[in-house]
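These are my notebook entries on a structure that I examined one topic at a time. I set down what I looked up and what I found.

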Amino acid sequence: MSETLASTFTIQVDGQTVTVQAGQSIMEACDAAGIYIPRLCDCEGLVPQGSCRVCCVDINGRIQAACTQPAAPGQVIGNETPTLNAHRRTLVEMLFHEGNHLCPICEASGRCELQAMAYRLGITQASPYPYLQPVRPVDASHPDIALDNNRCILCGRCIRASRDIDQKHVFDYVGRGIHKRIGVSAARLAETDASLEDEAIARGTCPVGCILRKREGFDTPVGQRLFDRRPIDLDNAVQHHIPTQAVPAHIESDPP
Amino acid sequence: MDNTDSVAVKEACARFDFDPKRLLDILWQVQDVNRCVDANALTDIAQATGLPRVSVDGVASFYHFYSSRPKGRFAIYLCDDIVDRQHGFNDLLAVLRDELGIAPGQITADGLFSVDLTPCIGLCDQPPGLLVNQYIAGSLTPAKLRRLLQDLKKDSHPGSSFTQGGEGQNGNSLIQTRLKNNIRRRGAILGSGQLTESGLQNASELSSFEILETLRASGLRGRGGAGYPVWQKLDTAFRQITADKVVICNADEGEPGTFKDRVLLTEQPDLVFEGMTIAARATGASQGILYLRAEYRYLEAWLEERLAQRRAEGLLGSHICGTEGFNFDIRIQRGAGAYICGEESALIRSCEGGRGEPTSRPPYPAIQGYKGLPTTVNNVETFCCIARIFEIGATAFARLGTPQSTGTKLFSVSGDCRKPGVYEFPFGLTVRELLNHCQADDAAAVVVGGPSGQIIGRNEFDRRLCFEDLATAGAFVVFNSTRNILEIVRAYIQFFVDESCGYCTPCRVGNVFLLERMDKIIAGKGETTDIDYLRQLADTIIETSRCGLGHTSPRPILSTLANFPLVYAALLKAPNAGSQPGFDIQKALDEARHLAHRGSTLYDRDYSGGVS
Ligand SMILES: Cc1cc2nc3c(=O)[nH]c(=O)nc-3n(C[C@H](O)[C@H](O)[C@H](O)COP(=O)(O)O)c2cc1C
Ligand code: SF4
Ligand code: SF4
Ligand code: SF4
C-alpha cells in the first residue's frame, strides 16, 4: 500500500523505464517521458474518455486504454508492438468505413489526425471491410461554422471542450450503437450559442474535417500542411486547451 | 405542439421535483402520456430540469422505449428473439399485418396501434410473446392475438383471458397476466416453502464483520454471470468511510434466453428484498434500488405493494427488526430498453438519469458508484442466495454444488425441449443431465449463458455447469437438429449490433462488420478467407473493447467455428482464382447505387432521423 502512495515510481514501456508521478495515467506518464502512444479521442487539457481505443496498450498481458488507465508500480507495458499496431490499424479502418471519408476533396486533408494516423500506421491500401455509407446530415446553418457529420469519428473532443472549457454544452452524443452521432443543443447549430471563439470550435479540437470554420478552409494549401510534412507524433498531436487561448494556432505555424 | 402535450411534460417534471437525476422517470411519464418524446418535449424538459437540451436528447435517443415519433395508443412490441422466431413469431406478424395493415415500425392511420420488434422479453419458455403498453402475454397463437386486438379495440384493455389465470402470483390482481412460472425443479432457493424472514432476523443480530464472514464461508459467487465472490464486493464497500452507501439489485435480465429473475420477482420478491436488506446491513447502506427492466414493468405494482408491506412490518425503513441504527429503504428504477444497462456501471449511470454507457474502472462502483457513493450491484438470484444463507447457514449452503461453485443455480431452459422452464440444481450437473430433465430428445446445439456465452454441440454435452467448467448466468437454449446454426449466430450478432452502446469503436463498428460477413456466408457467397477475416476482427473486438459486451459479442461466431466447423465449411468456396478475394460484382453494383443515393438501407435504418 505504501508503495502505491509514494509520490513517484517507475513502469516499463517497451523496455524503457519511465518515471511516474502518482496519479498520472499511463498516457500522461508516457507523454511526459517523450514516448508517443497513438491516440485520437484523447487531447491534452480535456478529461480522457477512452472511446476510440487507438491508445490501447498491453499492460502485463491485458489490453487497456492508456488514456484512462492509471499507471501503477511495476507495470510492464507494450506500446509499439506488432499486435497492438495491427489492432490500431483495424480501429482506424473502422472509423474510416463507419463514416464517409473522401480525403482528396476534404478541407481537413493534411491536418486531419485520422488521415495522419492511417499514414503513421501504414494503411496504404484498401482495407477488407465494407463501407457503411451512412446518411448523415450536414448542418451549415450557422453563419461561421459548418458541421459535416459524414466525417465525425465520435471522439467527443468538441463535447468536452464545449462543456468543460467553454461552459456552453453545445454538443453531446445522441443515439446508440452504430446510430450514435454528435447532436447540438437545439434543432440546428445556428440556434445554439456556438461561436468561433469557442474552444470547441478552435482548429485542432475536432481532429477531422467535421467541425469547419467557414471561410478559413483552404488558408494553407493542401500539400503544405502539418501532416503533409511530417507524421503525427508527440510534438504535433497534443493540443493545448487553455481557456484563455481561444485559437491554438501552433499547428499551422509549426516550422517545417 | 399541442398545449396538452406541454402540460404533460410540466407535470412529469414536477412529479420528480425537476430532478435531472430522475430523467428516466420523467421521460417515461412523457412517453406514456404523449406517446412520444418529441422535439418540443426535449426543449421543455431541458428548461424544467436545467439540463442542456442536447443531453436530454442524448438520453431519450439512447433507450429503445422512448420514441421521437408517436407510438399507437396501444404500442405493441413483438418479441423477435430467435426462440420466438422459431415458435410462431411469423404467424403473429402475419396477423398484425392482416388485422391492422401495418408492419413493424409503423402506426395505424387512426393512431390506435403501433407495432415494433423488441429483443427477448423474458418469455422464452412460453413463446411467442409480446408487450402492449404495461401488459405482457406469452404462448400466443394467431387466434389469441386476434382476440387481444379485438379486446383492445372494444374495451381499451386486454380481456380477462389475458389478464387473469396466470400461474401462482402471475394471476394476482396487481400483476394481471396469464403467464406461467414453469418451475420444474425446486432447491434451496425456490423450495424452502413459506418465508419466515429468519435470514434477516438472524443477520440483524450480527455485525457487518460477522455477516461478511458468513458470506465468505458460504463461498457465494454472483449469479449475474461474472461469478465474483459476493463477500469481497460487499467488503470493499463496507471499508469505505462515507456518509452513505447504496445497494442495487440488478433486475435488468436482458440476456436473451434468461427469465429466472422474472420468476423470482414474481414468486419470491420478499426473498430478494430480504437479501438486499442483509447486504445493506453488511455495507452500511441506507439506500436501495431495484433496477427493473422496462419489459417487466407489469411487476411494478406488485413489487411496490410488497415494499409497502415490508415497511409496515418493520422490515424496511428505520430500525429494521427493531435494531437501532439499521435503516434501509428501496426504490424501484424502471429501465427503458437497453441490454447494456445490465452492466453494473452502465446501470448506475442509468439510475442517475443518464445514457446507459459503462464507465471506466477505476473507480470501481463499490468505491464510487451511484451519486458518488460506494455502491454494490448484485443479481436478483444472488440476493435470494444471501437471504437463504442466513436462514440455513453457510455450511449447509456450501455443502451444495462444487468446491468453486457452491449452492444451487437457477437455469432458464427454453427452445426445443418438452419441459421448458426454471430448473434449480446444485452447481455441477452436466449439460446432458439438464437436457434429460427438460426432455430435449434431439438436442443438436445448446446455447449456454445466452449470446454472450457459448454455443456447444453434442461432443460437449458432458461438460459441467459450474464456474470451473461452463460458467453461466443461467440461460440454456436448446436447438434441435433441424435448426440452422448460422441463422442463430446471425440473430445473436444482430442483437449485439442493436445493443452496443456505441461508446467505443471496436464494438460499435466491429459488430456491424461481423454481421455483414455472416450475411455474406449465409447467402452462400462466403469464401474460405472469410474465416480468417472473422477471427481477426473478433480478436480486435474482444481485445480492445471497453466493456463486457464487446469482450463477448463475437462468441457466437467463435464458439460455432470451434464446435460446428462443418456448418461453415459446407457454405464456403475457395476464393476465385484470378478475381480479387472478397470482390462481388453484384455487391459492387449495389454499392454504386447506394452511393448515388447517398444511402445504405442495409445498415442505416434512421441515420437521417433523430430519435429512433
Ligand atoms: C453487457 C452486460 C450485460 C449484463 N447484464 C446483466 C443482467 O441483466 N443481470 C445481471 O445480474 N448482471 C448482468 N451483467 C453483469 C453485471 O455487470 C454485474 O456483474 C452483476 O450484476 C453483478 O452481480 P453478481 O455479482 O450478483 O452476479 C451484465 C454484464 C454485461 C457486461
Ligand atoms: S476528415 Fe480526415 S480522414 Fe476524413 S475525409 Fe477528411 S481528411 Fe480524410
Ligand atoms: S465533431 Fe469532431 S470533435 Fe466532435 S466528436 Fe465528431 S470528430 Fe470529434
Ligand atoms: S464494448 Fe460496446 S457496449 Fe461496451 S462500452 Fe464499448 S461500445 Fe459500449
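For the entries below, helices and strands are DSSP runs, with at least four residues for a helix and at least two for a strand, numbered from the N terminus. The model is a predicted one.

**Entry 1. Chain A overall**

I began with the secondary structure of chain A, which comes to 8 helices and 10 strands. I then looked up burial: of the 256 residues in chain A, 61% are buried. For contacts in chain A with a separation of 6 or more, I noted that 65% are between residues 24 or more positions apart.

**Entry 2. Helix H4 of chain A**

How many residues of helix H4 of chain A are buried? I found 6 of its 8 residues buried, and the helix, residues 113–120, is thus recorded as mostly covered. The buried residues of H4(A) are A:Glu113, A:Leu114, A:Gln115, A:Ala116, A:Met117 and A:Ala118. After H4(A) comes A:Gly122, and I noted its positive phi, near 80°.

**Entry 3. Cavities**

I searched the whole structure for cavities of 30 Å³ or more and obtained 7. The largest cavity holds about 260 Å³ of space. Its lining has 21 residues, and those nearest the centre are A:Arg111, A:Arg203, A:Gly204, A:Cys206 and A:Val208.

Which elements of chain A each supply at least two residues of this lining? I found strand S10 (211–213) and helix H6 (226–229) of chain A. The greatest contribution to the lining of the largest cavity is that of S10(A), with 3 residues. By class, I recorded 11 nonpolar, 4 polar and 6 charged residues in the lining of the largest cavity.

For the second largest cavity, I noted a volume of about 120 Å³. Here 17 residues form the lining, with B:Arg293, B:Glu295, B:Gly337, B:Ala338 and B:Tyr339 nearest the centre. The lining of the second largest cavity divides into 8 nonpolar, 4 polar and 5 charged residues.

**Entry 4. Aromatic pairs**

I counted aromatic pairs over all chains and found 14. In one of them, B:Phe74 and B:Phe113, the ring centres are 5.4 Å apart and the planes stand at 40°, so I entered the pair as tilted. The limits that matter here are 30 and 60 degrees, since planes under 30 degrees apart count as stacked and those over 60 as edge-to-face. B:Phe74 belongs to strand S1 (residues 74–79) of chain B and B:Phe113 to strand S3 (residues 113–118) of chain B, so this pair ties together parts 39 residues apart in sequence. I checked the accessibility of both partners. B:Phe74 is buried because its relative accessibility is 4%, and B:Phe113 is buried because its relative accessible area is 2%.

I turned next to B:Tyr339 and B:Phe496, whose ring centres are 6.4 Å apart with planes at 55°, so this pair is tilted. B:Tyr339 is in the loop between strand S9 (329–334) and helix H15 (344–351) of chain B, and B:Phe496 is in helix H19 (residues 485–499) of chain B, so the pair ties together parts 157 residues apart in sequence. Both B:Tyr339 and B:Phe496 are buried. B:Tyr339 had already appeared in my notes among the residues nearest the centre of the second largest cavity.

I also recorded a cluster in which ring pairs link B:Trp28, B:Phe62, B:Tyr63, B:Phe65, B:Tyr66 and B:Tyr77.

**Entry 5. B:Ser412**

I located B:Ser412 in strand S11 (residues 408–415) of chain B. Is B:Ser412 buried or exposed? B:Ser412 is buried, because its relative accessible area is 0% and the cut-off for burial is under 20%. I then listed its contacts, leaving aside neighbours within four places in sequence: B:Gly257, B:Thr258, B:Phe259, B:Lys260, B:Gly421, B:Gly474, B:Ala475 and B:Phe476.

**Entry 6. B:Thr529**

I found B:Thr529 in helix H21 (residues 529–544) of chain B. B:Thr529 counts as partly exposed because its relative accessibility is 36%, and that class runs between 20% and 50%. From C-alpha to C-alpha, B:Thr529 and B:Lys573 are 8.9 Å apart in space, while 44 residues apart in sequence.

**Entry 7. Ligand 4**

Which residues are the closest to ligand 4? Of the 13 residues that surround the ligand, I noted B:Cys501, B:Tyr503, B:Cys504, B:Cys507 and B:Cys547 as the closest. The shell around ligand 4 comprises 8 nonpolar, 4 polar and 1 charged residues.

Conventions
Residues are numbered from 1 along each chain as its sequence is written. Chains are lettered from A and ligands numbered from 1 in the order in which they are written. This is a predicted model: local features need pLDDT of at least 70, side-chain atom pairs count only at pLDDT 80 or more; totals for chains, interfaces and linings use all residues. Side-chain values use heavy atoms; hydrogens and water are left out. Buried means under 20% relative accessible area, exposed over 50%, partly exposed in between (1.4 Å probe, protein chains only). Contact means heavy atoms within 4.5 Å. A residue is near a molecule or strand if one of its heavy atoms lies within 4 Å of it. Ala, Val, Leu, Ile, Met, Phe, Trp, Tyr, Cys and Pro count as nonpolar, Asp, Glu, Lys and Arg as charged, and the others, Gly among them, as polar. On a 1 Å grid over the protein atoms alone, a cavity is a set of points where a 1.4 Å probe fits but cannot get out, and a pocket is an open set with protein on both sides within 12 Å along at least five of seven lines; lining residues have an atom within 4 Å of a point. Grid points are joined across faces, edges and corners, and a volume is the space filled by probe spheres set on the points. Rings of Phe, Tyr and Trp (its six-membered ring) pair if their centres lie within 6.5 Å; planes under 30 degrees apart count as stacked, over 60 as edge-to-face and the rest as tilted.
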